[in-house]
Amino acid sequence: MSPQEWLRICSHINKIWPHQPIPPPTVEAWYALLSDLDGDQVSVAVDAIALDGTDFPPQAGRIRRKVVELSEGAELWGEAWHEIRRAVQLYGCYHDPDLITWSTEDVRDLVALKGWEYLCTTTDPASVVEAQCRDLWDTIRARRRDDASYSCLPPAGLRRLQERTPRRRRPDRSPLVPVGSLVGATLSSPPS
């Protein structure tokens, strides 16, 4: 996202929530946390937050989280559970689960963490296995959302941030330019 896109989005935020405008130092600080995202995605995320009915302007973390939520596929627990149960019926425990084409990484991770052999051979009640798998599913999805939300942060020696797949910042990101210099440059530049 370019600085100009971010300033346009901040102006839009101030129009949606005029009772609490974003102060200029905050605009600059939030840009540093959101600059690696696409400007159109950030704009849509802000509109989605407004449609959610929040009374106050969203913080940078809320905007980032909404971009991640909107970027995810709409994958329902029931669909994932059905896919796993069907694979168990089709392949059985002697089939390597890594050779099965799973619909998403989340489903593949769930099967790997719960254990393919367990899923195929358990004598536990189906409702118990499903409840355990659903809890694990929620944890996997939450962690993937967190990792995507924190992708702008440097690892800084923190174990959890070192474990995630590093995302590189695009080199074409320029620092935020103060609004006054943009307004002054616009006023002083000759008309085209």
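**Which hand, left or right, does the crossing of α2 and α4 have?** The crossing of these two helices is right-handed, meaning that the near helix is turned clockwise from the far one by less than a right angle. Before you look closer, note that this is a predicted model, where local features need pLDDT of at least 70, side-chain atom pairs count only at pLDDT 80 or more, and totals for chains, interfaces and linings use all residues. Residues are numbered from 1 along each chain as its sequence is written, and side-chain values use heavy atoms, leaving out hydrogens and water.

**View 1. Helices α2 and α4 packed together.** Helix α2 spans residues 24-34 and helix α4 residues 60-71 (helices are DSSP runs of H or I, at least four residues, numbered from the N terminus). They pack at an angle of about 30°, their axes 10 Å apart. That makes α2 roughly parallel to α4, a label for angles under 35 degrees.

**View 2. Where α2 meets α4.** Trp30, Leu33 and Leu34 in α2 touch Ala60, Ile63 and Arg64 in α4; contact means heavy atoms within 4.5 Å. These contact residues comprise 5 nonpolar, no polar and 1 charged.

**View 3. The largest nonpolar core.** This core has 20 residues, and Met1, Trp6 and Val42 are among those with the most contacts inside it. A nonpolar core joins buried residues (under 20% relative accessible area, 1.4 Å probe, protein chains only) of Ala, Val, Leu, Ile, Met, Phe, Trp, Tyr and Cys through side-chain atoms within 4.5 Å.

Technical notes
Axes are lines fitted to C-alpha atoms, for helices over the stretch in contact, and angles run from 0 to 180 degrees between N-to-C directions. Angles under 35 degrees count as roughly parallel, over 145 as roughly antiparallel, 65 to 115 as roughly perpendicular and the rest as oblique. Ala, Val, Leu, Ile, Met, Phe, Trp, Tyr, Cys and Pro count as nonpolar, Asp, Glu, Lys and Arg as charged, and the others, Gly among them, as polar. Buried means under 20% relative accessible area, exposed over 50%, partly exposed in between (1.4 Å probe, protein chains only).
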